[in-house]
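Here are a few worked exercises for you to try with the model open. Have a go at each task before reading the solution.

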Amino acid sequence: MTWAIRKPAPAVTDGTEEAPPEQGVVVSRQAQHDSAAGGTVNRSSISLRDVRVVYQRGRRQSGLIALDHTNLDVGEREFVSLLGPSGCGKTTLLKVIGGLIEPTQGEVSVLGGTVDQARRQHAFGFVFQDANLLPWRKALSNARLLAEVIGKEAVDEERIRDLLRQVGLDGFEGSYPLQLSGGMRQRVGIVRALAFNPAVLLMDEPFAAVDALTRDVLAEVLLGVWAQARPLLFVTHSIEEAVFLSDRVIVMTARPGRVLEEVPIDLPRPRTREMRDSLAFAEVRRRLRQAVDRAQEAGGNPL
Ligand SMILES: Nc1ncnc2c1ncn2[C@@H]1O[C@H](COP(=O)(O)OP(=O)(O)OP(=O)(O)O)[C@@H](O)[C@H]1O
Ligand SMILES: [Mg+2]
C-alpha cells in the first residue's frame, strides 16, 4: 500500500487556491480509490468548462487557437476516448488536464479540486505514444521509475510485479528495452503509469506505434489493468479501438478543437474479443463513424 498527503478537496474551486501539504491529512492511495469506487465522494472526475488554449507563436504571427469553448466531463471509473482530426487539440487537452500547460481561459477541475492539487497528490498516470523507456534499466526497473521519483513509500514492489504479470510480462522483468518488442515496451509503459496507483489515467495514442494485431491485444490488456477502477481519458485515431474500449467517445472538430458530439458506447463489460464481430458492435461503430463524418463536414480533415 502506498501513501499520499491529501488536503480535503473543496467542493467548488476557483482554480487558484494552494495549500501547503502539512495542512493535509494522510490517506492511503488505496483509500482514495476505495472512496471513489464506493461512490460516496465524487473525487475521481475531470471537468473542463469553456476551455480555450492559445499558443503564442512568433512576434509577427497571431496566436494559434488550439482549443476553444471546450467542455468535457469524465466520471469516476469512466473510460472516455477522444477522437478527432490531426491537430484538433487532443494532446493539448490532455496536457491541460495533466497540468503540463495552462489554459488561456476557462476552468479545469480534477478530483473535485484544482489541477495543481491533483499534481501534488501525484494523481496523474500518463502514457504516451512512445513508451520512452530508459535503455539501461531492465523492465521491472523501468516500471518502478515513476514510483521511485515520487518517493520510496510509493514503490510497492509486489504490486509492480503483479501488474507486469497481468500485462503478460512475467519472465521478462529482467529484460532490457532493446530485448523487448514494441508492444512489450508499451506494456511496461502502462505498468509504469499504474505502478504508483494514480487516481487518473491520461493516455495519448499509446498503441499508435504497434501493429494492428498487437494493438488489439494491448487493448484487452489495458481493460484488464484499468479494471474500471479510475477515470481514463484515451486519445486514439481508431474508431474500432474507441468502440472496444470506451464507455463514451468524444468526437472533436478540426482546429480550433471543440467537442462536437458525444457517442455513448452501450456495450456490456467485460468486453471480449468475440464482441468485435457482433451486430451490436457493428451498430455502435456505424454510429460513431457517422459522428466522425459529421465532424469532417463541420470542417475537419480525415482522421
Ligand atoms: N507547443 C506548441 N506551440 C505552438 N503550437 C502548438 C504547440 N503544441 C501544439 N500546437 C498546435 O496546436 C494544435 C493542436 O495540437 P495538438 O498536438 O493538441 O493536436 P492533436 O489533436 O493531438 O493532433 P494529432 O492527432 O496529430 O496528435 C496544432 O495546430 C499544433 O500545431
Ligand atoms: Mg496528439
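**Exercise 1. Work out which residues of helix H6 are buried, and on which side or sides of the helix they sit.**

Start with the ground rules: this is a predicted model, where local features need pLDDT of at least 70, side-chain atom pairs count only at pLDDT 80 or more, and totals for chains, interfaces and linings use all residues. Residues are numbered from 1 along each chain as its sequence is written, and chains are lettered from A and ligands numbered from 1 in the order in which they are written.

Step 1. Find the helix: H6 covers residues 157-166. Helices here are DSSP runs (H or I, at least four residues), strands are DSSP runs too (E, at least two), and both are numbered from the N terminus.

Step 2. Apply the burial test. A residue is buried if 20 or more other C-beta atoms lie within 10 Å of its own, exposed if 12 or fewer, and partly exposed in between, with C-beta atoms placed from the backbone. In H6, Ile 160, Leu 163 and Leu 164 come out as buried.

Step 3. Check the directions. These residues span an arc of only 100° around the axis, so they lie on the same side of H6. The arc is taken from the directions that run from the helix axis to the C-beta atoms.

Step 4. See what they pack against: helix H4 (139-143), helix H7 (182-194) and helix H8 (212-226).

**Exercise 2. Follow the chain out of H6 and describe Val 167.**

Step 1. Val 167 belongs to the loop between H6 and H7.

Step 2. Val 167 counts as buried because it has 24 C-beta neighbours inside 10 Å.

Step 3. List its contacts (C-beta atoms, placed from the backbone, within 7 Å). Leaving aside neighbours within four places in sequence, Val 167 is in contact with Arg 187, Ile 190, Val 191, Val 221 and Val 225.

Step 4. Add a distance: Glu 220 is 53 residues from Val 167 along the chain, and their C-alpha atoms are separated by 9.3 Å.

Step 5. Look at Gly 168, just after H6, which has a positive phi of about 80°.

**Exercise 3. Characterise the shell around ligand 1.**

Step 1. Collect the residues whose C-beta atom, placed from the backbone, lies within 6 Å of the ligand. Among them are Tyr 55, Leu 64, Lys 90, Thr 91, Thr 92 and Arg 255.

Step 2. Sort by element. Strand E4 (64-74) and helix H2 (90-97) are the ones that give two or more residues to the shell, and H2 gives the most, with 3.

Step 3. Sort by class: 4 nonpolar, 6 polar and 2 charged residues. Ala, Val, Leu, Ile, Met, Phe, Trp, Tyr, Cys and Pro count as nonpolar, Asp, Glu, Lys and Arg as charged, and the others, Gly among them, as polar.

**Exercise 4. Find the residues that touch the most other members of the largest nonpolar core.**

Step 1. Build the core from buried Ala, Val, Leu, Ile, Met, Phe, Trp, Tyr and Cys residues joined through C-beta atoms within 7 Å. The largest one has 74 residues.

Step 2. Rank by contacts: Leu 83, Ile 97, Val 110, Val 191, Leu 233 and Val 251 touch the most other members. H7 is the element that gives the most to this core, with 6 residues.

Step 3. Take Leu 83 as a case. Not counting residues up to four places away in sequence, its contacts include Ile 239, Val 249, Val 251 and Val 292.

**Exercise 5. Describe how E10 and E11 pair, then look for unusual backbone angles.**

Step 1. Strands pair if DSSP finds at least two bridges between them. E10 (residues 248-252) and E11 (residues 259-264) run antiparallel and are joined by 5 bridges. Val 249 has Val 263 as its bridge partner in E11.

Step 2. The two strands form a hairpin with 6 residues between them. Pro 256 sits in that loop, and the peptide bond joining Arg 255 and Pro 256 is cis, with omega about -5°.

Step 3. Try the next loop. Pro 270 lies between E11 and H10, and the bond from Arg 269 to Pro 270 is also cis, with omega near 0°.

Step 4. Finish with phi. Asp 50, in strand E3 (residues 46-55), has a positive phi of about 50° although it is not a glycine. Asp 50 counts as exposed because it has 12 C-beta neighbours inside 10 Å.

Key
Contact = placed C-beta atoms within 7 Å.
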